[in-house]
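The following exercises practise the reading of a protein model, from single residues to the whole chain. Please attempt each task before turning to its solution.

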Amino acid sequence: MIDHLARHRNIHTDSSGVRRFDLLLQAVRRAGPHKVLFGSDGPWLHPGLELHKIELLGLPPLDAALITGGNFLRLARLA
């Protein structure tokens, strides 16, 4: 799925419930942080744990801000 994410500008993904951290990292590296939205998959998964995955990516603050809210605001045309 990461190939499609990287290739098509209208495909996005979210971070909820990603069990393999390496796949989340690969998605951000190959497709860019502008293609990933934060997701908590709550109430089944703790949102703090899911947010920590984003922090562990070690992204620059502006890239992390895209994932944790900026992309949603852009796609929803609220920003």
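**Exercise 1. Is Asp 41 buried, partly exposed or exposed, and where in the chain is it found?**

Solution. The model is a predicted one.
Step 1. The relative accessibility of Asp 41 is 37%.
Step 2. Buried means under 20%, and exposed means over 50%. Asp 41 therefore counts as partly exposed, at 37%.
Step 3. Asp 41 is located in the loop between β2 and α3.

**Exercise 2. Describe the backbone at Asp 41, at Arg 77 and at the bond between Gly 42 and Pro 43.**

Solution.
Step 1. Recall the general rule: most residues other than glycine have a negative phi, and most peptide bonds are trans.
Step 2. Asp 41 is not a glycine, although its phi is positive, at about 55 degrees.
Step 3. Arg 77 is likewise not a glycine and has a positive phi of about 55 degrees. Arg 77 lies in the segment after α4 (61–75), and it counts as exposed because its relative accessibility is 76%.
Step 4. The peptide bond that joins Gly 42 and Pro 43 is cis, with an omega of about 10 degrees. Pro 43 has its place in the loop between β2 and α3.

**Exercise 3. Determine whether Ser 15 and Gly 39 are buried or exposed, and list what each one touches.**

Solution.
Step 1. Ser 15 belongs to the loop between β1 and α2. Its relative accessible area is 1%, so Ser 15 is buried.
Step 2. Leaving aside residues up to four places away in sequence, Ser 15 touches Leu 24, Leu 37, Phe 38, Gly 39, Glu 50 and Ile 54.
Step 3. Gly 39 sits in the loop between β2 (36–37) and α3 (47–56). Gly 39 counts as buried because its relative accessibility is 11%.
Step 4. With residues up to four places away again left aside, Gly 39 touches Asp 14, Ser 15, Ser 16 and Glu 50.
Step 5. A distance completes the picture: 18 Å separate the C-alpha atoms of Gly 39 and Pro 61, which are 22 residues apart along the chain.

**Exercise 4. What lines the largest pocket, and which element gives the largest share of the lining?**

Solution.
Step 1. The volume of the largest pocket is about 150 Å³.
Step 2. Its lining consists of Met 1, Ile 2, Leu 5, Ile 11, His 12, Thr 13, Asp 14, Val 18, Leu 23, Leu 24 and Ala 27.
Step 3. Two or more residues of this lining come from each of α1 (2–7), β1 (13–14) and α2 (21–31).
Step 4. The largest share, three residues, is given by α2.
Step 5. Sorted by character, the lining residues are eight nonpolar, two polar and one charged.

**Exercise 5. Characterise the fold and the overall dimensions of the protein chain.**

Solution.
Step 1. The protein chain has four helices and two strands, in the order α-β-α-β-α-α from the N terminus on.
Step 2. Along the principal axes, its C-alpha atoms fill a box of roughly 30 × 30 × 25 Å.
Step 3. A compact globule of 79 residues would have a radius of gyration near 12 Å; the protein chain has 12 Å, and therefore agrees with this value.
Step 4. Of the 79 residues, 28% count as buried.
Step 5. Among contacts with a separation of 6 or more, 63% involve residues 24 or more positions apart.
Step 6. The accessible surface amounts to about 5,300 Å², and 59% of it belongs to carbon and sulfur atoms.

Conventions: Residues are numbered from 1 along each chain as its sequence is written. This is a predicted model: local features need pLDDT of at least 70, side-chain atom pairs count only at pLDDT 80 or more; totals for chains, interfaces and linings use all residues. Side-chain values use heavy atoms; hydrogens and water are left out. On a 1 Å grid over the protein atoms alone, a cavity is a set of points where a 1.4 Å probe fits but cannot get out, and a pocket is an open set with protein on both sides within 12 Å along at least five of seven lines; lining residues have an atom within 4 Å of a point. Grid points are joined across faces, edges and corners, and a volume is the space filled by probe spheres set on the points. Ala, Val, Leu, Ile, Met, Phe, Trp, Tyr, Cys and Pro count as nonpolar, Asp, Glu, Lys and Arg as charged, and the others, Gly among them, as polar. The radius of gyration is taken over C-alpha atoms; the globule rule is 2.2 Å times the number of residues to the power 0.38. Buried means under 20% relative accessible area, exposed over 50%, partly exposed in between (1.4 Å probe, protein chains only). Contact means heavy atoms within 4.5 Å. Accessible areas come from the Shrake-Rupley method with a 1.4 Å probe; for residues, only the protein chains shown count as cover.
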